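Dear colleague,

Please find below the sequence and structure that I am handing over to you. My findings follow directly after them.

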Amino acid sequence: NHTAVSSKVIAVTVRPEPRITESHLEIELAHLANGTLSPYCALWDNSVMNDSWGTWSSKGCKTVLTDASHTKCLCDRVSTFAILAQQPREITMEYSAVPSVTLIIGCGLSCLALILLLVVYAILWSTSRYSRYIRSERSIILINFCLSIISSNLLILVGQTQTHNAWTDYI
């Protein structure tokens, strides 16, 4: 159970303390992190002796509305309030010696198309009929751009296999 406080804690005090609350206290609290699972309203209950300090309880507090960023509560007494929720599990990256198939296909097709474009430019570069247009500054920028994208695709493919953290081997 990964339930934890997922909002700021708010304490409400009224002096003199009211005898009976005729109306409910409406509180809206913002979540500290997105992605919390099953948020619910809770109040600090001093009457429950858990390690002689009390504990969070949902008795007397009802969750009215919840969305990704806020939770609204209706509570029948003045106390200390918070939102409790299950925290999202940590995302763990596993070591993969082989890049994914979609990554290989995507980068491979991209590289093939860019290499084909470079071959067309090389053929047209040597042809005297189109050389004025092909040898322009704009075309040279395009050729350099193609070469940089090919390099980045190759780095992505090689880097995908290098996700293992070598430092953990020494610990």
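For "transmembrane region", the UniProt record, an unreviewed entry, lists residues 103-127 and 139-158. The model shown here is predicted, and both of these spans can be compared with its computed secondary structure. Residues 103-127 are 96% helix and 0% strand, with 36 Å between the end C-alpha atoms. Residues 139-158 are 100% helix and 0% strand, and their end C-alpha atoms lie 29 Å apart.

As to the overall architecture, the protein chain contains three helices and eight strands. Along the sequence, their order is β-β-β-β-β-β-β-β-α-α-α. Of the 171 residues in the chain, 22% are buried. Among contacts with a separation of 6 or more, 70% are between residues 24 or more positions apart. The exposed area of the protein chain is about 12,800 Å², of which carbon and sulfur atoms supply 60%.

Helix H3 deserves a separate paragraph. This helix covers residues 137-160, 24 residues in total, and spans 35 Å from its first C-alpha to its last, close to the 34 Å expected at 1.5 Å a residue. Its buried residues are Ser139, Ile143, Cys146, Ile150 and Asn153. The cover over the buried residues of H3 includes helix H1 (101-126) and helix H2 (131-134).

Leu142 is also found in helix H3. With a relative accessible area of 31%, Leu142 is classed as partly exposed because this value falls between the limits of 20% and 50%. Leaving aside residues up to four places away in sequence, Leu142 touches Leu117 and Tyr121. Leu142 and Leu118 are separated by 24 residues in sequence and by 9.4 Å in space, C-alpha to C-alpha.

On the surface, Val101, Ile105, Leu109 and Leu112 make a nonpolar patch of about 420 Å². One of these residues, Leu112, lies in helix H1. Leu112 has a relative accessible area of 58% and therefore counts as exposed, the threshold being over 50%.

How many salt bridges does the structure hold? There are two. In one of them, the side chains of Lys72 and Glu26 meet at 3.7 Å, N to O. This pair links distant parts of the chain: Lys72 belongs to strand S7 (residues 70-75) and Glu26 to strand S3 (residues 25-30), and the two are 46 residues apart. Lys72 is partly exposed at 23% relative accessible area, whereas Glu26 is exposed at 54%.

The other salt bridge joins Arg77 and Asp76, with 4.0 Å between the closest N and O atoms. Arg77 has a relative accessibility of 32% and is partly exposed. Asp76, at 35%, is likewise partly exposed.

In returning to the record, I would draw your attention to two points. The listed span 103-127 comes from an unreviewed entry, and helix H1 in the model covers residues 101-126. The listed span 139-158 comes from that entry as well, and helix H3 in the model covers residues 137-160.

With kind regards

Note on methods: Residues are numbered from 1 along each chain as its sequence is written. This is a predicted model: local features need pLDDT of at least 70, side-chain atom pairs count only at pLDDT 80 or more; totals for chains, interfaces and linings use all residues. Side-chain values use heavy atoms; hydrogens and water are left out. Helices (H or I, at least four residues) and strands (E, at least two) are DSSP runs, numbered from the N terminus. Buried means under 20% relative accessible area, exposed over 50%, partly exposed in between (1.4 Å probe, protein chains only). The expected span of a helix is 1.5 Å times one less than its number of residues. Contact means heavy atoms within 4.5 Å. Patches are made of residues with over 30% relative accessible area and no salt bridge: like charges are joined within 9 Å, nonpolar side chains (Val, Leu, Ile, Met, Phe, Trp, Tyr) within 5 Å. Accessible areas come from the Shrake-Rupley method with a 1.4 Å probe; for residues, only the protein chains shown count as cover. UniProt positions are given in the numbering used here, feature names are shortened, and annotations may be inferred rather than shown by experiment.
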